[in-house]
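Hi everyone, thanks for coming. I'll walk you through one structure today, so have a look at it first and then we'll go through it piece by piece.

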There are 2 protein chains.
Amino acid sequence: MLSALDLARRIESGTLTPAAVIDRCAEAIAAREAEIGAFASLDIAGARARAQNTGALHGLPVGIKDIIDTADFPTEYGSPIYAGYRPRADGALVSLVRRAGGVVLGKTVTTELAYLHPGKTRNPRNPAHTPGGSSSGSAAAVAAGMLPIAFGTQTGGSVIRPAAYCGVAGFKPSFRLLPTVGMKCFSWSLDTPGLFAAGVADVAYAAAAITGRDLRVDRTAPLPPRVALVRTHIWSQASEAMRNAVESAARAAENAGAQVSEVTLPTIFEEAFRAHPTVQDFEAYRALAFEYDRHRDRISPILRDLLDAAAAITPQAYDEARRTTRRARHAMTELMTDFDALLTPSAPGAAPHSLASTGTAIFNRLWTLLGTPCVNVPGIDDEAGLPLGVQLVGRFGRDHATLAAALFVETAIARIAAAAPNS
Amino acid sequence: MLSALDLARRIESGTLTPAAVIDRCAEAIAAREAEIGAFASLDIAGARARAQNTGALHGLPVGIKDIIDTADFPTEYGSPIYAGYRPRADGALVSLVRRAGGVVLGKTVTTELAYLHPGKTRNPRNPAHTPGGSSSGSAAAVAAGMLPIAFGTQTGGSVIRPAAYCGVAGFKPSFRLLPTVGMKCFSWSLDTPGLFAAGVADVAYAAAAITGRDLRVDRTAPLPPRVALVRTHIWSQASEAMRNAVESAARAAENAGAQVSEVTLPTIFEEAFRAHPTVQDFEAYRALAFEYDRHRDRISPILRDLLDAAAAITPQAYDEARRTTRRARHAMTELMTDFDALLTPSAPGAAPHSLASTGTAIFNRLWTLLGTPCVNVPGIDDEAGLPLGVQLVGRFGRDHATLAAALFVETAIARIAAAAPNS
């Protein structure tokens, strides 16, 4: 994988040029893209022509999930309804990337309209397995060393899950830290842009670069965080390997000096977990009204079924789900007075052996609903060599602290892996 | 003016056809549009062909502010950057109008990108005066009897102010009651769709029709509300005529049985008033990044100046403004335990005698920031015969109560006007 931070440092010090970085991406793309299918569209020559050492991103190439508008690339939202569509304007995130000196190398594959119907992408760690979704191409492109940075979006678990499945760092910032302007909307209360890179310090660096916020975690070693091991009410739906991964990450963090406690969430969190689909689907029935009303025959069965059912959700049920959300957000704020981050699974297990499903967001939707920062920390594999991501969840607005805690856990895991006899 | 509710009732009872309503609009358009310039585009023949008595809107014609995407009409956002632009999809609001049985008759003029640079529209009550903005065409089309219902959007005061200037009812619902999907974003924390119609019961009927919510106020006479007369810290910037209008509306409401108290807002509201531009401008610099970065020369000086200055707003200043907002929202909720609505000016006075400026949003921005429902109540004119709207502001999520209070005040004002010797 390409570490964005390493590349940036080397460009800064003059030992590497932005064009050389693009050459490296181009080599990886030539070697692996035919098999992996991470890109919806690509412009290597254009990126090479534009790449200059400017801004905080120093000309680094970036991938943009094809759910975000681009004026210079087709934008098809993974849907045949938008075949050949070329938006008039870039989404705000794309402009922020450019303002920071990043260069868009290509659009990455999204599932259909960022829901569950898969695109063409395969998991670089084992191409018979799903890369996860909906930000399939962004996670896979980073995992395959084809890009140092890629952007995605999460409404259920669409950043953290594919990051976990592909074994890369994924960062879903606090709700609204990154703008959704020019992103195809699925649920306006939930849609959250996020990003992928090789490691935690890399996603933090890229997020800092485009927001101008103090999010970097590479300048000083992170202090030992106060971590709550949270199994959640769906712990039994996590595989044994995932349960072991979370518990060994907790032990590793504790051994490295973190203060680790086991916490059982109050029941309001379970209510919020159940409220997520009500909020999401009520809004999707309206956000995708044009597609549903005018192009029903070109929507996949899985999304059509969702929207058919969503039509019956009443405003009263939606309002109640929003009130539950508000109560759970207060409960989360209260809980987080004692902790810097929660540690919990990123997904039920490793990437399923299937290309027909992108897996499930059950370990993500609660945190998306609460709008909290989430980080997938890679570094633990299952017996078959597939990655098992663990998730650090922070307090709303405390993105730096969450990233710092995630880096601490990532470092602790790496130390254990290095010490293990079979590593 | 055309009362949407009257028209709907007559269609329902079989004494009027939707096509006949469109004919009436077409007559008013033929008579006045050349002078008023309310429409960015129009399709009378198409609307006549599509108009059927279905849904809660019974085939009524509707105008959509040209800041909201339409697949069947050009969408130019009032900006030369988007000349001839035809979006691929309708905005969610447009789909909701269609689902409710409404027919889009045309797109109404917006100021440039919904900011201050005016479009071609004139005030139907006196064409030498501004109609207000940014929803200029929607307010003017309703005021001139060219449409029974028109949609607009408000980020500062872009629904309530033009409604006041043109003498129609305007309703800015609670934040996120109406979807912003497919609407050109200026500020994602503030942009709020709203609507215009002849009277308060008409806007309530139309809002109920497209949301499926219990918002109608025409079925029973509204109970006397508890009203707080709120002069705000900028009362001295209201004209004498406006101050008299608000005070006489308060007396009229009191005489009709409302409980009216005078309330001085806590200072947090003044802080929130000052926080509004920080939130708006920080977000606009990102939401309009593509236009600013790529088409700077085609942005008006007034908007370019705003964006130039906005580039300097730090994330820290923005976060602080957001925290102020949150505190003010809590203060508002607390205040509203004692009241059903606040009564306050809709604008500093009647529409200015100018077509170069659309006036100022100083009496609106606080409420937009707080996300509270706001209604412009027409019915009081100044000595020159220009309308002076008064504003009812409710508690977040209590849109029905706010509309009911507004109807009560509207009825009380009408009773006084009818009793006045020179009416």
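Let's start with how two copies get compared: they are superposed by least squares on the C-alpha atoms of residues with pLDDT of at least 70 in both. Two copies of a chain are related by a rotation about an axis and a shift along it. Here, a turn of 180 degrees and a shift of 0.0 Å along the axis lay chain A on chain B with an RMSD of 0.0 Å. That's the relation of a two-fold axis.

Some housekeeping. This is a predicted model, where local features need pLDDT of at least 70, side-chain atom pairs count only at pLDDT 80 or more, and totals for chains, interfaces and linings use all residues. Residues are numbered from 1 along each chain as its sequence is written, and chains are lettered from A and ligands numbered from 1 in the order in which they are written.

So how many residues does each chain bring to the contact? Chain A gives 24 residues and chain B gives 23 residues. By contact I mean that the C-beta atoms of two residues, placed from the backbone, lie within 7 Å. On the chain A side, helix 4 (92-99), helix 9 (267-287) and helix 10 (289-294) each give two or more residues, and helix 4 of chain A gives the most, with 4 residues. Helices here are DSSP runs (H or I, at least four residues), as are strands (E, at least two), numbered from the N terminus. That side of chain A divides into 14 nonpolar, 4 polar and 6 charged residues. For those classes, Ala, Val, Leu, Ile, Met, Phe, Trp, Tyr, Cys and Pro count as nonpolar, Asp, Glu, Lys and Arg as charged, and the others, Gly among them, as polar. And 96% of the interface residues of chain A are also interface residues in chain B, so the copies meet through the same surface.

Next, a helix pair inside chain A. Helix 1 (residues 4-12) and helix 7 (residues 200-211) of chain A cross at roughly 60 degrees, and their axes come within 7 Å. The axes are lines fitted to C-alpha atoms, for helices over the stretch in contact, and angles run from 0 to 180 degrees between N-to-C directions. Angles under 35 degrees count as roughly parallel, over 145 as roughly antiparallel, 65 to 115 as roughly perpendicular and the rest as oblique. Helix 1 and helix 7 of chain A are therefore oblique to each other. Ala4(A), Leu5(A) and Ala8(A) of helix 1 meet Ala201(A), Asp202(A), Tyr205(A) and Ala206(A) of helix 7.

Now some single residues. Is Ile413(A) buried or exposed? It counts as buried, because it has 22 C-beta neighbours inside 10 Å. The cut-offs: buried is 20 or more other C-beta atoms within 10 Å of a residue's own, exposed is 12 or fewer, and partly exposed is in between, with C-beta atoms placed from the backbone. Ile413(A) sits in helix 14 (residues 399-419) of chain A. Val377(A) is 36 residues away from Ile413(A) in sequence, with 9.2 Å between their C-alphas.

Last, the backbone. His58(A) has phi near 55 degrees, a positive value in a residue other than glycine, and His58(A) is buried, with 25 other C-beta atoms within 10 Å. There's also a cis peptide bond between Gly133(A) and Ser134(A), with omega about 0 degrees. Ser134(A) lies in the loop between strand 3 (103-108) and helix 5 (136-143) of chain A.
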